[in-house]
Amino acid sequence: MAGAMAGGLVAGLGITALMIAGERKSGKPSELADLERTSAHRLGVHPVPPADRLPDATEQAVIQSGHLLLSAAAGAAFAAAVDEEAAVIPSGALFGLAFYAAMQWIAGPLLGVKKPEWAADAGTIGMHAANHVAFGLATAAGAKLAARA
């Protein structure tokens with residue numbers, strides 16, 4: 001389980017780095033910032049920063065801490081659901097796609113914190129799917145490395 005959680009954290013850190021770099025390049029808040037702000041608004045947390053403002057260091061810490069906790073929890077779910085003898089590529093890719101479906105297609109829209117994924121353009125769907133497959137592969141690789149140790 002520790003290896004899968006570590007793999008999930010490494011993948012989560014990679015996606016975090018990509019999101020922050022994208023914010024700096026575009027000057028627009030990342031999807032994670034949008035999710036955090038929408039969630040805060042729905043929970044009645046005030047003040048919620050304006051939608052077009054980049055997160056400051058404190059908000060970024062909250063956003064990324066939540067993202068990394070979810071990454072570690074997903075790693076634990078992988079370890080609980082997948083046999084440690086499973087091959088990395090198929091198990092990781094399938095887990096990544098399942099996690100993508102659960103978060104982007106089901107949980108986010110049901111919780112009202114993101115637009116339904118089916119309303120997104122093909123490029124966004126492809127990017128989300130690829131990011132989650134990469135996440136699943138890193139999680140599976142971490143689990144496999146830990147199982148061998």
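# Notebook: rings, a core and helix 3

**Entry 1, the ring cluster.** I began with the aromatic residues and found that ring pairs link Phe78, Phe95, Phe99 and Phe135 into a cluster. A reminder to myself: this is a predicted model. Its mean pLDDT over the protein chain is 92, and 100% of the residues reach 70 or more. I also looked up where confidence varies: helix 2 has the lowest mean, 91, while helix 4 has the highest, 96.

**Entry 2, counting and measuring up ring pairs.** How many aromatic pairs are there? I get a count of 5. For Phe78 and Phe95, the ring centres are 5.2 Å apart and the planes stand at 80°, so I wrote this pair down as edge-to-face. The angle decides that label, because planes over 60 degrees apart count as edge-to-face. Phe78 sits in helix 3 and Phe95 in helix 4, so their pair ties together parts that are 17 residues apart in sequence. Are these two residues buried or exposed? Both Phe78 and Phe95 are buried.

Next I checked Tyr100 and Trp105. Their ring centres are 6.4 Å apart with the planes at 90°, so this pair is edge-to-face too. Tyr100 is buried, at a relative accessible area of 6%. Trp105 is partly exposed, at 29%. I kept the cut-off beside these values: under 20% means buried.

**Entry 3, the nonpolar core.** Which residues make up the largest nonpolar core? I listed 10: Ala4, Ala11, Ile15, Ala74, Phe78, Phe95, Phe99, Phe135, Ala140 and Ala143. Helix 1, helix 3, helix 4 and helix 5 each give at least two residues to this core. I then picked Phe99 and looked at what it touches. Not counting residues up to four places away in sequence, Phe99 touches Leu70, Ala74, His132 and Phe135.

**Entry 4, Ala4.** Ala4 belongs to helix 1. With a relative accessible area of 1%, Ala4 is buried. Which residues is Ala4 in contact with, leaving aside neighbours within four places in sequence? I noted Gly75, Phe78, Ala79, Thr139, Gly142 and Ala143. I paused at Ala143: this residue and Ala4 are 139 residues apart along the chain, yet their C-alpha atoms are separated by 4.1 Å.

**Entry 5, helix 3.** I followed Phe78 back to its helix. Helix 3 runs over residues 57–81, which makes 25 residues. From first C-alpha to last, helix 3 reaches 36 Å, close to the 36 Å expected at 1.5 Å a residue. At the start of helix 3, a side-chain oxygen of Asp56 comes to within 3.2 Å of the backbone nitrogen of Thr58. The buried residues of helix 3 include Glu59, Gln60, Ile63, His67, Ala74, Gly75 and Phe78. What do the buried residues of helix 3 pack against? I found helix 1 (2–26), helix 2 (31–42), helix 4 (88–111) and helix 5 (122–148).

**Entry 6, Gln104.** My last stop was a residue of helix 4, Gln104. Gln104 counts as buried, at 10% relative accessibility. The side chains of Gln104 and Lys114 are joined by a polar contact of 3.3 Å. Leaving aside neighbours within four places in sequence, I listed the contacts of Gln104 as Pro109, Lys114, Glu117, His128 and His132. His132 was already in my notes, since Phe99 touches this residue.

Technical notes
Residues numbered from 1 in each chain as written. Heavy atoms only, no water. Expected span 1.5 Å × (residues − 1). Buried < 20%, exposed > 50% of the residue type's maximum accessible area, 1.4 Å probe, protein only. Contact = heavy atoms within 4.5 Å. Polar contact = N/O pair within 3.5 Å; in protein donor to acceptor, adjacent residues only side chain to side chain. Phe/Tyr/Trp six-rings, centres within 6.5 Å; stacked < 30°, edge-to-face > 60°. Core = buried A, V, L, I, M, F, W, Y, C linked by side-chain atoms within 4.5 Å. pLDDT = per-residue confidence, 0-100.
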